Amino acid sequence: MDFAEFRRLVDAMGLTQEASEEMDRWGHENAPRLKKALIELYTTIAENAELSAYFDDVEQLSHVRQKQYEHWRALLSGLFDETYLESAKRVGTIHCSIGLEPHAFLTGYASVLSKLLREASQSRGGRNRLGRKSGNSPDIVIDALTRAALLDIGVALTSYSEAEQSKARLSRLKFSNAFRQAFTHSMTELDAAMDSLKQAASELAGPEQATAADQAVSAAELAQSVTRSTVVVQAQLDDLKSKMNEFLTASSAT
């Protein structure tokens with residue numbers, strides 16, 4: 001997803017400037033609650049053997065939690081600039097790179113978002129950046145936060161999918177290259193074997209084999225049989241080479 005595509009998505013989400021301002025103000029006021037929600041989430045992760053296995057140690061877990069805090073603060077600012085987009089995409093690509101399934105990400109996301117929405121529903125309003133009273137602040141913030149969260153999830157899952165497709169393409173390319181090398185080696189060996197068969201057939205049909213009439217007839221018939229077999233096998237090998245090369249070329253292009 002490039003920035004132009006992302007901005008079209010932002011516009012489609014209907015995040016107005018007023019809503020972004022209200023969410024930004026609310027985000028500043030509730031930064032401690034956000035931090036608390038993330039601490040609770042990562043404490044739960046640390047206590048889960050399956051999830052904690054994705055982290056090297058407690059220090060890395062703390063580092064990731066801080067990065068998540070910074071990302072949520074950027075999300076709540078409502079700016080949705082290129083810096084934010086890269087941060088949102090990074091969430092998806094990193095989860096893909098470590099093999100963490102989307103459902104685990106969504107579960108953690110839901111835990112944090114539900115706490116923030118409960119906090120927003122209990123807000124009593126405030127003043128926006130122009131100093132005007134925001135009587136409907138809770139409703140505006142809840143609406144903006146919901147839209148922004150769905151936007152954020154959409155970007156993360158899209159980047160996860162793109163990273164997964166990239167890994168699949170790379171895997172296919174590696175397989176194609178390895179298979180090409182193995183196939184080339186096998187064909188080289190078969191070509192050498194065919195050359196030996198051709199040489200044997202030529203020698204069997206040569207005059208030096210005809211030391212007696214009965215041996216000459218037998219040798220000539222054998223030579224003809226080997227020659228016919230060689231022609232058939234060679235044609236089959238040539239056809240196999242052609243088909244496999246087409247397959248490998250197509251695989252490398254995907």
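The second largest pocket of this predicted model has a volume of about 150 Å³. Its lining consists of 12 residues, and Thr-16, Gln-17, Ser-20, Gly-78 and Leu-79 are the ones that lie nearest the centre. Two helices, H1 (3–13) and H2 (17–29), each supply at least two residues of this lining. H2 gives the most, with three residues. By class, the lining of the second largest pocket divides into four nonpolar, five polar and three charged residues.

Helix H2 merits a closer description. H2 has 13 residues and reaches 18 Å from its first C-alpha to its last, close to the 18 Å expected at 1.5 Å a residue. The buried residues of H2 are Ala-19, Ser-20, Glu-21, Glu-22, Met-23, Asp-24, Arg-25, Trp-26 and Gly-27. Ser-20 thus appears in that buried set and is also one of the residues nearest the centre of the second largest pocket.

The largest pocket holds about 940 Å³ of space. Its lining comprises 35 residues, with Tyr-42, Phe-55, Val-64, Gln-68 and His-95 lying nearest the centre. Two or more residues of that lining come from each of helix H3 (31–46), helix H4 (49–52), helix H5 (58–77), helix H6 (82–98) and helix H7 (102–121). The largest share, nine residues, comes from H5. In the lining of the largest pocket there are 18 nonpolar, 12 polar and five charged residues.

A search of the whole structure finds one cavity of 30 Å³ or more. About 30 Å³ of space lies in this cavity. The elements giving two or more residues to its lining are H6, H7 and helix H8 (137–204). The lining itself is made up of Val-91, Gly-92, His-95, Pro-102, Phe-105, Ala-156, Leu-157 and Tyr-160. Six of these residues are nonpolar, two are polar and none is charged. His-95, listed in the lining of the cavity, is also among the residues nearest the centre of the largest pocket.

The three spaces are set out below.

| Space | Volume | Nonpolar residues in lining | Polar residues in lining | Charged residues in lining |
|---|---|---|---|---|
| Largest pocket | about 940 Å³ | 18 | 12 | five |
| Second largest pocket | about 150 Å³ | four | five | three |
| Largest cavity | about 30 Å³ | six | two | no charged |

Among the residues that line the cavity is Pro-102, which is placed in helix H7. Is Pro-102 buried, partly exposed or exposed? Pro-102 is partly exposed, because its relative accessible area is 23%, and the partly exposed class runs between 20% and 50%. Leaving aside residues up to four places away in sequence, Pro-102 touches Leu-157 and Tyr-160. Pro-102 and Tyr-160 are 58 residues apart in sequence, yet their C-alpha atoms are 8.1 Å apart in space.

Phe-80 is placed in the loop between H5 and H6. The phi angle of Phe-80 is near 50°, a positive value in a residue other than glycine. Most residues other than glycine have a negative phi. Phe-80 counts as buried because its relative accessibility is 2%, and the buried class lies under 20%.

At the level of the whole chain, the secondary structure comes to nine helices and two strands. Along the sequence these elements follow the pattern α-α-α-α-α-α-α-β-β-α-α. Of the 254 residues in the protein chain, 33% are buried. Among contacts between residues at least 6 apart in sequence, 79% join residues at least 24 apart.

Confidence varies along the chain. The mean pLDDT of the protein chain is 81, and 72% of its residues reach 70 or more. Which elements have the highest and the lowest mean pLDDT? H3 has the highest mean pLDDT, at 95, and strand E2 (residues 133–134) has the lowest, at 48. Over residues 128–136 pLDDT stays under 50, and the model has 13 contacts beyond four places in sequence for this stretch. Where pLDDT is low, the predicted coordinates should not be read in detail.

Technical notes
Residues numbered from 1 in each chain as written. Predicted model: local features only at pLDDT ≥ 70, side-chain atom pairs only at ≥ 80, totals over all residues. Heavy atoms only, no water. 1 Å grid on protein atoms, 1.4 Å probe; cavity = no way out; pocket = protein on both sides within 12 Å on 5 of 7 lines; lining within 4 Å. Points joined across faces, edges and corners; volume = space filled by probe spheres on them. Helix = DSSP H or I, 4+ residues; strand = E, 2+ residues; numbered from the N terminus. Nonpolar A, V, L, I, M, F, W, Y, C, P; charged D, E, K, R; others polar. pLDDT = per-residue confidence, 0-100. Contact = heavy atoms within 4.5 Å. Expected span 1.5 Å × (residues − 1). Buried < 20%, exposed > 50% of the residue type's maximum accessible area, 1.4 Å probe, protein only.
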